[in-house]
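Trainee: Could you take a close look at one part of this chain for me, and follow its side chains outward to whatever they meet? I would like one connected account rather than a list.

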Amino acid sequence: MSNIILYDYWRSSASYRVRIALHLKGLEFESRSIDLLAKANKQDEYMQHNPQGLVPTLVIGDVVLTQSLAIIDYLDSHQPSPCLFPQNPQQRAWALSLAYAIAMEIHPICNLTVMGHVASLISDDETQQTEIKKQWQQHFIIKGLQNIENMLIADTTHKGKFACGDDVSLVECCLIPQIYNAKRWGVDYSDWHNISAINERAEKIPAFIAAHPDRYNI
């Protein structure tokens, strides 16, 4: 694949997932920043690429892709190595269940738009809104990651260095950005031993290092 453009926002969990996948597969891409705080995602020029006004959007030649999990699935189909979706049906279902638990249960409710709207409904005071956002994020991140940890503890089939055995998968593409958010909002995840171990191993992998938000905060 060539001429890959990623419309990106450095702190977006969904964008972070796709960056990890691109780096894992060794695909070169151009990152074009879409500033969510400045509402650049709602401008007509960007909405032509993504009618939802969300990030990320991946453009490969004439192909325009949206929604992070769909993008990663596309990349896995066209660049099979390394494989991020397990080929065994049971293992694939397990990977998807964990990825969905993060991308569909934790992420949406902790989304910038949702969090900001809730805070604005409760208070007009900026200081109070900041505290409301913090409490909101901590509550739902803790609840969500505890559920992930419980799933990993209960699993007896896919034990290994990572969530689906000894190789990274779609799960880590979703989990590591969520751990980044946990750190950002002051959530202590050290008691979640499975999550902590996975994160510690992933942090040493060049693709995860290259995809980190700090490298895209320009």
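Mentor: Packing here is judged by contact, which means heavy atoms within 4.5 Å. The model is a predicted one, and the part I would choose is helix α3, which spans residues 68-78. With that cut-off, the buried residues of α3 pack against helices α1, α4 (89-106) and α7, and also against strands β3 (57-60) and β4 (63-66). The residues in question are S68, L69, I71, I72, L75 and D76. They lie on the same side of α3, because the arc that they cover around the axis is only 160 degrees. As a general point, an α-helix has 3.6 residues a turn, so residues three or four places apart point the same way.

One member of that buried set, D76, also carries a charge pairing, since K25 forms a salt bridge with D76 in which the closest N and O atoms are 2.7 Å apart. The pair joins distant parts of the chain, with K25 in the loop between α1 and β2 (30-33) and D76 in helix α3, 51 residues apart. Neither end is left in the open, for K25 and D76 are both buried.

From K25 we can stay in the loop between α1 and β2, where F29 is also found. The count of aromatic pairs comes to five. One of them is formed by F29 and Y216, which are stacked, with 6.5 Å from centre to centre and 10 degrees between the planes. This pair, too, spans a long stretch of sequence, as Y216 sits in the segment after α9 and the two residues are 187 residues apart. F29 counts as buried because its relative accessible area is 18%, which is under the 20% limit. The same limit is met by Y216, which is therefore buried at 16%.

Y216 leads on to helix α1, one of the elements against which the buried side of α3 packs. R19 lies over the face of Y216, at 4.4 Å from the ring centre. R19 also forms a salt bridge with D8, whose closest N and O atoms are 2.9 Å apart. Here R19 belongs to helix α1 (residues 13-24) and D8 to strand β1 (residues 4-8), eleven residues apart. R19 and D8 are both buried.

Helix α7, another of the packing partners of α3, offers a useful contrast. The side chains of K183 and E203 meet in a salt bridge of 2.8 Å, N to O. K183 lies in α7 (residues 170-184) and E203 in the loop between α8 (193-202) and α9 (206-211), so this salt bridge ties together parts 20 residues apart in sequence. K183 is classed as partly exposed because its relative accessibility is 42%, and E203 is likewise partly exposed, with a relative accessible area of 41%. The salt bridge of α3 is instead made by K25 and D76, both of them buried. In the model as a whole, the count of salt bridges comes to four.

Technical notes:
Residues numbered from 1 in each chain as written. Predicted model: local features only at pLDDT ≥ 70, side-chain atom pairs only at ≥ 80, totals over all residues. Heavy atoms only, no water. Helix = DSSP H or I, 4+ residues; strand = E, 2+ residues; numbered from the N terminus. Buried < 20%, exposed > 50% of the residue type's maximum accessible area, 1.4 Å probe, protein only. Phe/Tyr/Trp six-rings, centres within 6.5 Å; stacked < 30°, edge-to-face > 60°. Lys NZ or Arg CZ within 6 Å of the ring centre and 35° of its normal. Arc of directions from axis to C-beta.
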